[in-house]
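User: Hi! I am new to protein structures and would like to learn how to read salt bridges. Could you walk me through an example?

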Amino acid sequence: MVREELLQILRCPIDGEPLVQAEVELVNALNEAIRAGSVTNRAGQLVDEPLEQGLVREDGAWLYAIEDDIPKMLADEAIPVGNLFEKHQREPSR
């Protein structure tokens, strides 16, 4: 988990929008899609490694993976999650 102080200063490298910690449900749904081979990053490369955690842009468009507690803040490695994010925002937690 990213410390709150760091989260306050981290911004999306694409447009400078604030980031929030991705919910576990969103990461799990994204990992299912990764296992199915249907996830590519912003550069068009297939994402084949499951995610531990992530930071998602406040509008829910892009997710940045966190590996070994270090956010990977490279624009080309951003993962589009708009549909998954919206779905998990609408569904109540179980």
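User: Which residue forms a salt bridge with Glu 5?

Analyst: Happy to help! This is a predicted model. To call something a salt bridge, look for a side-chain nitrogen of Lys or Arg within 4 Å of a carboxyl oxygen of Asp or Glu. Here Glu 5 pairs with Arg 3, and their closest N and O atoms are 3.2 Å apart.

User: Are Glu 5 and Arg 3 buried or exposed?

Analyst: A residue counts as exposed when its relative accessible area is over 50%, and as buried when that value is under 20%. Glu 5 has 53%, so Glu 5 is exposed. Arg 3 has 57%, so Arg 3 is exposed too.

User: Which residue does Asp 15 meet in a salt bridge?

Analyst: The side chain of Asp 15 meets that of Arg 57, with 3.3 Å from N to O. This pair links distant parts of the chain, 42 residues apart. Asp 15 lies in the loop between α1 (4-9) and β1 (19-21), while Arg 57 belongs to strand β2 (residues 53-57).

User: How do I describe the surroundings of Asp 15 and Arg 57?

Analyst: Use the accessible areas again, where values between the two cut-offs are called partly exposed. Asp 15 is partly exposed, at 43%. Arg 57 has a relative accessible area of 7%, so Arg 57 is buried.

User: What other side chain meets Arg 57 in a salt bridge?

Analyst: That would be Asp 59, at 2.8 Å from N to O. Asp 59 is partly exposed, with a relative accessible area of 40%. When salt bridges share partners, you can read them as a network: here Asp 15, Glu 17, Arg 57 and Asp 59 are joined into one.

User: How many salt bridges are there by this rule?

Analyst: The count comes to six.

User: Now, what does the whole chain look like, from the N terminus on?

Analyst: Start with the elements and their order. The protein chain has three helices and five strands, and they run α-β-α-β-β-β-β-α. Next, check burial: of the 94 residues, 37% count as buried. The accessible surface comes to about 5900 Å², and 48% of that belongs to carbon and sulfur atoms.

User: What share of the contacts comes from residues 24 or more positions apart?

Analyst: Take the contacts with a separation of 6 or more; residues 24 or more positions apart account for 53% of them. You have already met one pair that links distant parts of the chain, Asp 15 and Arg 57.

Technical notes:
Residues are numbered from 1 along each chain as its sequence is written. This is a predicted model: local features need pLDDT of at least 70, side-chain atom pairs count only at pLDDT 80 or more; totals for chains, interfaces and linings use all residues. Side-chain values use heavy atoms; hydrogens and water are left out. Helices (H or I, at least four residues) and strands (E, at least two) are DSSP runs, numbered from the N terminus. Buried means under 20% relative accessible area, exposed over 50%, partly exposed in between (1.4 Å probe, protein chains only). Contact means heavy atoms within 4.5 Å. Accessible areas come from the Shrake-Rupley method with a 1.4 Å probe; for residues, only the protein chains shown count as cover.
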